[in-house]
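Subject: Structure handover

Hi there,

Here is the structure I promised to pass on to you. Please open it alongside this message, and my notes follow below.

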Amino acid sequence: MRSFLVLAARVTTSALLLYFALRGVDFAALQLRLSRSSAVSIAGWMAIAVLTNLLQIVVSAARWREVSARCEAPLQPALAFRFSLIGAFFNQTLPSTIGGDAVRLWLLSKSGAGWRAASYSILVDRAVGLIALAIIVVFSLPWSYQLIADRQGRLALILVDLAAICAGGGFLLLGAIPFAWLHRWWPTRHIHACSMIANRAIFDRHSGPKIALLSFVVHFLTVVTAWCAVHAISAAANFEQVFFLIPPIVLITMLPISIAGWGVREATMIVAFGYAGLTPTDGVMVSVLFGASYFIVGAIGGLVWVLGTERLARLRVVRAR
């Protein structure tokens with residue numbers, strides 16, 4: 001009952017945020033914008049966006065393999081990609097990335113890794129991705145300040161990035177604290193263990209650069225997906241603007257308060273486009289197309305999940321006979 005109420009609350013939050021985000025949209029201007037792009041052009045750019053998302057899953061699966069190896073839960077490339085693709089489906093049905101992470105954890109544990117190693121690999125992989133995203137936003141602040149002239153927009157950007165940096169830095173710092181009680185107390189024992197694994201993975205001279213590169217590519221491909229959406233509607237934003245606007249938006253969208261980021265992303269995109277001097281209506285369309293590309297990839301992951309489940313069921317029937 002509790003899980004149902006939480007899900008209902010997040011569905012309601014998504015609906016309300018979408019309502020408030022779209023309430024002030026000029027739909028006549030939106031229709032005019034769409035009329036400037038042919039259906040073939042929109043479909044073509046969306047196809048590129050979907051392919052970019054699939055490539056992103058390949059890269060993120062490679063990073064997950066690097067992290068999992070440190071957690072004593074080795075993964076084969078094909079299996080990591082399959083689990084990540086299925087996780088993309090559940091990301092579209094449950095809040096933020098929590099649903100996909102939970103399913104990846106379950107699949108990895110059932111493949112023989114065990115619950116503990118699987119849980120550690122998911123937590124560390126998610127933490128590494130958050131830290132990398134926060135670092136990208138920090139290093140892009142000088143250019144973001146030039147792009148965002150609004151004082152409130154700059155303050156919001158700093159607060160969002162400060163929160164992410166503090167969360168990531170605090171997580172890594174926890175692994176360097178030598179207090180014995182961290183190993184004995186149940187709430188901190190596993191988090192401390194994950195922090196130690198993350199430190200070893202990030203600061204190792206062999207795995208560190210590889211994980212850093214893979215993390216940057218993952219977030220860069222997110223920008224490319226948004227750039228495809230910009231091209232699909234012939235919006236005025238250039239690649240530099242998209243590159244500096246999207247990472248902070250992704251940081252905010254990671255908050256587990258809505259379903260697949262819907263509502264949060266649209267509202268944030270409108271504000272970000274407005275602060276950058278771009279048309280807020282374009283921000284809505286870019287956000288919707290951006291989300292639609294991930295929805296399509298999630299649907300592919302759902303097909304892989306269903307077919308895989310049916311095949312497993314058939315194998316069990318054959319073995320029972």
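Let me start at the end of one helix: H11 is followed by Ser-234, a residue whose phi is positive, near 55°. Before I go further, please keep in mind that this is a predicted model.

Ser-234 is not a glycine, although its phi has that positive sign. You will find Ser-234 in the loop that runs between helix H11 (207–232) and helix H12 (239–253). Its relative accessible area is 37%, so Ser-234 is partly exposed. As for helix H11, it has 26 residues and reaches 38 Å from its first C-alpha to its last, close to the 38 Å expected at 1.5 Å a residue.

Another loop residue deserves a look for a similar reason. Glu-72 is a residue other than glycine, and its phi is a positive value near 60°. As you know, most residues other than glycine have a negative phi. Glu-72 sits in the loop between helix H3 (39–70) and helix H4 (77–91). With a relative accessible area of 70%, Glu-72 is exposed.

Now to the charged pairs. How many salt bridges does a search of the whole structure find? The search finds 6. One of them joins Arg-63 to Asp-125, with the closest N and O atoms 3.0 Å apart. This pair links distant parts of the chain, since Arg-63 is in helix H3 and Asp-125 is in helix H6, 62 residues apart. Are Arg-63 and Asp-125 buried or exposed? Both Arg-63 and Asp-125 are buried.

A further salt bridge runs from Lys-210 to Glu-66, where the closest N and O atoms are 3.4 Å apart. Here too the pair links distant parts of the chain: Lys-210 belongs to helix H11 and Glu-66 to helix H3, with their positions 144 residues apart in the numbering. Lys-210 counts as partly exposed because its relative accessibility is 43%. Glu-66, at 21% relative accessibility, also counts as partly exposed, as the cut-off for buried is under 20%.

Then there is a local pair. Arg-104 forms a salt bridge with Asp-101, and the closest N and O atoms are 2.9 Å apart. Both residues lie in helix H5 (residues 98–113), 3 residues apart, which is about one turn of the helix. Arg-104 counts as buried at 7% relative accessibility, and Asp-101 is buried with a relative accessible area of 12%.

When you display these side chains, try showing the group together: Arg-63, Asp-101, Arg-104, Asp-125 and Arg-126 are linked in a network of salt bridges.

On to the cysteines. How many disulfides does a search of the whole structure find? The search finds 0. Take Cys-71 as an example: the closest cysteine sulfur to its own is in Cys-194, 6.7 Å away, so the two are too far apart for a bond. The cut-off used for a disulfide is 2.5 Å between the sulfur atoms. Cys-71 counts as buried, at 6% relative accessibility. Cys-228 counts as buried as well, at 2% relative accessibility.

There is also something to see on the surface. Ile-135, Val-138, Phe-139 and Ile-165 make a nonpolar surface patch of about 350 Å². Which helix gives the largest share of the nonpolar patch? That is helix H6 (residues 115–139), from which 3 residues come. Ile-135 is in helix H6, and at 38% relative accessibility Ile-135 counts as partly exposed.

Last, a stop at helix H12, where Ile-252 is placed. Ile-252 is partly exposed, given its relative accessible area of 24%. Leaving aside residues up to four places away in sequence, Ile-252 touches Val-160, Val-264 and Thr-268. Of these contacts, Val-160 is 92 residues from Ile-252 in sequence, yet the two are 7.3 Å apart in space, C-alpha to C-alpha.

That is everything I have for now. Enjoy looking through the model, and do write back with any questions.

Warm wishes

Technical notes
Residues numbered from 1 in each chain as written. Predicted model: local features only at pLDDT ≥ 70, side-chain atom pairs only at ≥ 80, totals over all residues. Heavy atoms only, no water. Patch = residues over 30% accessible without salt bridge, like charges linked within 9 Å, V, L, I, M, F, W, Y side chains within 5 Å. Areas by Shrake-Rupley, 256 points an atom, 1.4 Å probe, with all protein chains shown as cover. Salt bridge = Lys/Arg side-chain N within 4 Å of Asp/Glu carboxyl O. Helix = DSSP H or I, 4+ residues; strand = E, 2+ residues; numbered from the N terminus. Buried < 20%, exposed > 50% of the residue type's maximum accessible area, 1.4 Å probe, protein only. Expected span 1.5 Å × (residues − 1). Contact = heavy atoms within 4.5 Å.
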